[in-house]
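Me: I would like to go through the labels used for this model and ask what each one rests on. Please set each value against its cut-off.

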Amino acid sequence: MITMTSFIELLGLFLLLMLPFLYETNHIFRYYFKFLMYYGIVSFNSIILIPAFLTRPCDVRNLLWASTWCHRVSTLIGLRWELRGKEHLAKDQACIIVANHQSALDVLAQPIGMFNIWHVMNKCTVVAKRELFYAWPFGLAAWLAGLIFIDRVRGEKARETLNDVNRRIKKQRIKLWVFPEGTRRNTGALHPFKKGAFHMAIDQQIPILPVVFSSYCTFLNDKKKILNSGRIVITTLPPVSTEGLTKDDIDVLMDRVRSQMIETFRVTSAEALQRYKPIKRGGIPAASSASTSSSSTTTTVASPGTAATPVADAAVAAAAAVASNSSAYGQPPGYGAGAAKASLLKTL
């Protein structure tokens with residue numbers, strides 16, 4: 001006779017054995033499972049690291065410890081990162097880093113993308129919205145690691161905070177990471193920038209350092225609950241000097257930096273998309289088959305405020321095809337759901 005305890009144990013064993021099957025065949029399950037694993041690991045590491053952070057509270061060097069503990073999560077959820085322009089990040093100088101913002105994968109204390117390059121930057125901190133501080137245990141650990149939380153609703157208080165930080169980063173040769181787009185958007189385009197980062201750079205006459213993450217559209221679609229394995233190219237462009245510039249030059253400086261970032265985003269995103277080679281035309285949106293062309297007309301990034309581009313449309317189609325195990329696309333070697341399953345099985 002099966003007791004209730006035995007039944008629960010059998011049910012638990014059945015669910016455990018079903019995990020690899022669901023992970024392999026259901027992209028919605030895979031999406032939530034990966035994000036659950038992602039947030040779980042970051043939260044667990046936060047709890048472990050808080051006592052260590054208390055030995056030197058609010059010191060930006062604590063983020064080096066965090067990067068050592070957290071960057072392995074990329075392997076578990078199937079993401080690979082390629083850093084270009086490392087020499088610009090490694091330079092020991094105060095600067096304002098401006099980067100495009102697409103997902104929680106690059107904002108939650110940057111545990112994925114930035115934790116993979118933090119050892120290169122050495123002394124760096126991030127401007128984040130105040131709401132993240134209340135997402136404990138992560139928020140407390142982030143504050144102890146020197147993150148700068150600002151209240152975006154109370155503009156005057158936010159400016160005072162940033163002015164204090166600005167003077168400190170120049171004196172201590174710290175890099176300050178800012179997302180000038182503000183709200184994250186995974187649309188396959190760079191959106192209009194806010195001026196705050198450029199005001200800060202000109203105030204202290206320190207350079208702007210543009211960092212561009214290639215599009216996440218080939219592997220991430222929050223609306224359709226898709227999070228495949230994927231490859232991201234992180235490109236650090238040469239620093240843009242602000243010496244001799246005044247507040248009157250902010251618009252020109254911002255347009256110059258944004259134009260450079262758009263061009264880099266266009267090139268690296270198209271490169272990432274070309275790794276997904278269409279095997280047959282049937283059932284594939286026209287944008288998908290056109291995306292593998294190197295023609296500039298098929299890789300134009302949308303103008304400010306728009307989201308639809310041939311590359312973005314093709315990337316979304318590729319992500320959907322991979323998520324549904326479609327035979328229409330040949331996935332990049334080692335980037336399919338099956339490849340990530342090996343990492344999953346190691347955790348079970």
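Reply: Start with the word "buried": it means under 20% relative accessible area, while exposed means over 50% and partly exposed lies in between. The model is a predicted one. By that cut-off, 50% of the 348 residues of the protein chain count as buried.

Me: What makes up the secondary structure of the protein chain, and how many elements of each kind are there?

Reply: The protein chain has 13 helices and 11 strands. Of its contacts with a separation of 6 or more, 77% are between residues 24 or more positions apart. The accessible surface is about 16,100 Å², and carbon and sulfur atoms hold 59% of that.

Me: Why is arginine 184 called partly exposed?

Reply: Its relative accessibility is 40%. Partly exposed covers the range between under 20% and over 50%, so arginine 184 is given that label. Arginine 184 sits in the loop between strand E5 (175-178) and helix H9 (196-204).

Me: What makes a positive surface patch here, and which residues form the patch?

Reply: The members are Lys129, Arg152, Arg184, Arg185 and Lys194. Lys and Arg count as positive, and a patch takes residues with over 30% relative accessible area and no salt bridge. Arginine 184, at 40%, passes the area cut-off.

Me: How do you know that arginine 173 is partly exposed, and where does arginine 173 lie?

Reply: Its relative accessible area is 41%, which falls between the two cut-offs of 20% and 50%, so the label is partly exposed. Arginine 173 lies in the loop between helix H8 (155-172) and E5. Its phi is near 55°, a positive value in a residue other than glycine.

Me: Why is glutamine 205 called partly exposed, and what is its phi?

Reply: At 29% relative accessibility, glutamine 205 is not under 20% and not over 50%, so partly exposed applies. Its phi is positive, about 55°, although glutamine 205 is not a glycine. Glutamine 205 follows H9, in the loop between H9 and strand E6 (208-213).

Me: Which residues of H9 are buried?

Reply: The buried residues of H9 are Ala197, Phe198, Met200, Ala201, Ile202 and Gln204. Each has under 20% relative accessible area, because that is what buried means.

Me: Which peptide bond is cis, and what is its omega?

Reply: The bond from tryptophan 136 to proline 137 is cis, with omega near 5°. Proline 137 is in the loop between strand E3 (124-129) and helix H7 (138-144).

Conventions:
Residues numbered from 1 in each chain as written. Predicted model: local features only at pLDDT ≥ 70, side-chain atom pairs only at ≥ 80, totals over all residues. Heavy atoms only, no water. Patch = residues over 30% accessible without salt bridge, like charges linked within 9 Å, V, L, I, M, F, W, Y side chains within 5 Å. Areas by Shrake-Rupley, 256 points an atom, 1.4 Å probe, with all protein chains shown as cover. Salt bridge = Lys/Arg side-chain N within 4 Å of Asp/Glu carboxyl O. Charge placed at Lys NZ, Arg CZ, Asp CG, Glu CD. Helix = DSSP H or I, 4+ residues; strand = E, 2+ residues; numbered from the N terminus. Buried < 20%, exposed > 50% of the residue type's maximum accessible area, 1.4 Å probe, protein only. Contact = heavy atoms within 4.5 Å.
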